[in-house]
Amino acid sequence: MTTRDFIQDRIDSLENRDVLLEVQNLKTYYPVTGGFFKRTVGHVKAVDDVSFTIRKGETLGLVGESGCGKSTTGRTILRLLKPTDGQILFEGKEITKISGSKLQKARRDFQMVFQDPYASLNPMQMVGDIIAEPILNYEKRNRKELEQEIKSLLTRVGLPEAAYYKYAHEFSGGQRQRIGIARALALNPKLIVADEPVSALDVSVQSQVLNLLKELQIEFDLTYLFIAHDLSVVKHMSDRIGVMYLGNLVEVASNRDLYKEPLHPYTQALISAIPEPNTAIKKERIVLEGDVPSPQNPPTGCPFHTRCPMAMEVCSKEKPPLKEVRPGHHVACVLY
Amino acid sequence: MASSNTLTQQKKPERSLSPWQIARKKFIHNKLAMISTVFILIVTALSFAAPFLAPYLSPIPDVSRVNIGSMNIPPNSEHILGTDKSGRDVLTRLFYGGRISLVVGFSATLMVITLGTLVGSIAGFFGGLVDNILMRFTDFVLNFPFLVFVIVLNTILRDTIDGVSVLIIVIGVLSWGGVARLVRSKILAEKENEYVLAALSIGCSPMKVIRKHLLPNVMSTIIVQATLIFASMIVVESALSYLGFGVPQSVPSWGNMLSSANEPDVLQGKPWIWMPPALILTLTILSINFIGEGLKDALNPKSLR
């Protein structure tokens with residue numbers, strides 16, 4: 001079987017699986033306060049109307065430049081932030097409005113791997129305690145058994161058993177990220193949101209951690225929402241990819257379709273920016289003019305029309321909805 | 001517990017030192033801080049063993065009894081530090097006085113730190129409306145004129161329980177504001193770390209996040225602050241007692257002993273009455289401050305990681 005067939009096979013098998021997470025018209029606004037009485041004077045529209053679904057066992061990659069709302073989307077889905085509007089359905093159950101102990105209970109099924117391996121581990125806790133804590137939050141356990149279980153988990157993520165007795169500061173960035181992954185795995189969750197898990201790591205360590213994540217996905221039947229700004233990392237990891245711009249999802253397509261035939265002008269510009277290792281191939285680079293508009297005061301109509309090389313008059317008037325233009329390929333652009 | 005610890009230690013000799021153990025090691029190597037610690041321990045031990053050690057073995061009521069026959073005697077073999085204007089043995093009162101000064105200082109500190117940490121951490125972690133309400137209340141408390149309130153409250157309440165407890169509660173209730181502000185600002189900075197989000201996402205309740213994750217990380221600041229407050233609380237007690245508004249006059253405390261020095265005659269002619277409490281008070285405050293400095297170095301977060 002060639003690699004291509006393998007990928008096709010995987011895509012086909014994923015298509016028949018159940019939907020794990022469904023996000024509908026999700027909006028997360030941060031209030032902007034000002035003046036003497038700290039009144040709300042506006043909103044930063046970090047996530048502005050995003051909809052997508054993730055099937056069981058699939059990896060959905062989210063790409064976009066800094067400040068486009070990728071991380072906010074991830075955190076809102078895990079309900080670490082309060083959504084302003086919209087719906088998040090996890091296994092068909094609404095988790096948008098729950099709070100308190102109900103939310104605490106629900107969190108068992110979705111975990112997060114954080115971006116900064118230096119800030120995401122409590123420096124005062126022993127590594128063993130860091131990984132044991134999620135389990136002890138939900139179950140009463142025998143300390144000895146648990147210790148054994150955590151040691152085997154440590155071995156699984158590629159750390160020595162002795163790491164159990166150490167503190168986070170004694171490890172390198174890549175090893176710390178492995179600890180973070182072990183913590184996320186401890187509860188045996190169904191969904192893991194990986195928020196730029198390798199962007200703080202050395203390039204040489206990045207691939208090790210990425211491959212670990214891939215292995216674990218198959219072993220524990222995990223579903224990933226993989227957030228990154230590095231296009232090659234997302235390509236390596238994802239089955240499907242969503243491209244975000246200014247709080248909006250502008251294109252969602254399978255890994256292959258997106259890189260082979262990007263439809264949205266923004267995606268085309270992004271893809272053209274990937275460096276080509278083979279110097280014989282001449283690549284045309286699309287250079288975007290201007291800066292990303294402020295999410296506090298986004299442009300009317302299509303969010304991208306201020307920088308779009310193909311902008312027309314209609315673009316500034318109406319916001320194009322995300323629609324399926326080819327099987328499995330969704331674009332939000334008036335051109336299609 | 002101890003046996004299981006040694007067992008794992010044998011099996012895993014490479015077990016790392018916890019941040020607290022590292023701090024303890026650093027503190028023990030700090031000579032000045034260790035000398036101060038030993039001094040404080042000796043003063044504390046002597047004060048609490050007063051009934052067994054004092055030259056005039058006597059329970060508290062007897063210490064306060066006026067003895068007209070032996071007023072203002074300079075130090076001699078019978079009264080090592082002499083007697084005061086009411087004929088009471090100065091050394092005996094010094095021991096008993098230490099007891100009151102240290103207890104008042106320690107209890108008031110405990111109260112201040114507990115109240116301040118509770119208010120500050122809740123305000124800092126939850127933010128928004130909770131923060132606003134709690135911090136405005138803190139500002140309100142901080143704005144009380146301390147001396148006036150202590151004097152008035154202490155005078156009104158002193159007969160309700162006993163003088164010493166009332167003083168502790170009054171000082172404690174009026175001085176937690178500074179700690180609350182300090183803890184709040186520390187928590188505000190600390191909660192930006194992703195491990196707080198991580199703790200929430202693994203199912204910790206907000207109070208557990210504060211207790212298990214945030215407080216241990218700001219504890220070093222709180223501990224250092226506590227030593228400084230301890231020193232200043234002893235000073236406050238002495239100052240109030242010196243003015244006659246603190247511990248009831250009948251109870252010996254270092255401040256009460258000093259108050260006899262407000263007579264020019266005693267100040268100039270009878271140094272044995274006020275010198276010992278003044279000296280011991282100064283040394284105690286100095287030692288506590290040295291301990292605070294030592295803790296500050298030992299708990300410096302940069303040296304813990």
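In strand β4 of chain A, A:L89 is the bridge partner of A:E22. Strands and helices are here DSSP runs numbered from the N terminus, with at least two residues (E) for a strand and at least four (H or I) for a helix. The structure is a predicted model, in which local features need pLDDT of at least 70 and side-chain atom pairs count only at pLDDT 80 or more, whereas totals for chains, interfaces and linings use all residues. Residues are numbered from 1 along each chain as its sequence is written, and chains are lettered from A and ligands numbered from 1 in the order in which they are written.

Strands β1 (residues 19-34) and β4 (residues 85-90) of chain A pair in the antiparallel sense over 5 bridges; pairing requires that DSSP find at least two bridges between two strands. In chain A, an open sheet of 4 strands with antiparallel pairing follows the order β2-β1-β4-β5. Its edge strands, β2 (39-55) and β5 (93-94) of chain A, each pair on one side only. Helix α2 (residues 70-77) of chain A packs on this sheet and touches β1, β2 and β4 of chain A, contact being defined by C-beta atoms, placed from the backbone, within 7 Å. The direction of α2 makes about 115° with that of β1(A); axes are lines fitted to C-alpha atoms, for helices over the stretch in contact, and angles run from 0 to 180 degrees between N-to-C directions.

In chain B, the axes of helices α3 (residues 31-48) and α6 (residues 90-126) come within 7 Å and cross at roughly 115°. Helix α3(B) is therefore roughly perpendicular to α6(B), a class covering 65 to 115 degrees. Residues B:V43, B:T44, B:L46, B:S47 and B:F48 of α3(B) meet B:F95, B:G98, B:R99 and B:L102 of α6(B).

Technical notes:
Contact = placed C-beta atoms within 7 Å. Parallel < 35°, antiparallel > 145°, perpendicular 65-115°, else oblique.
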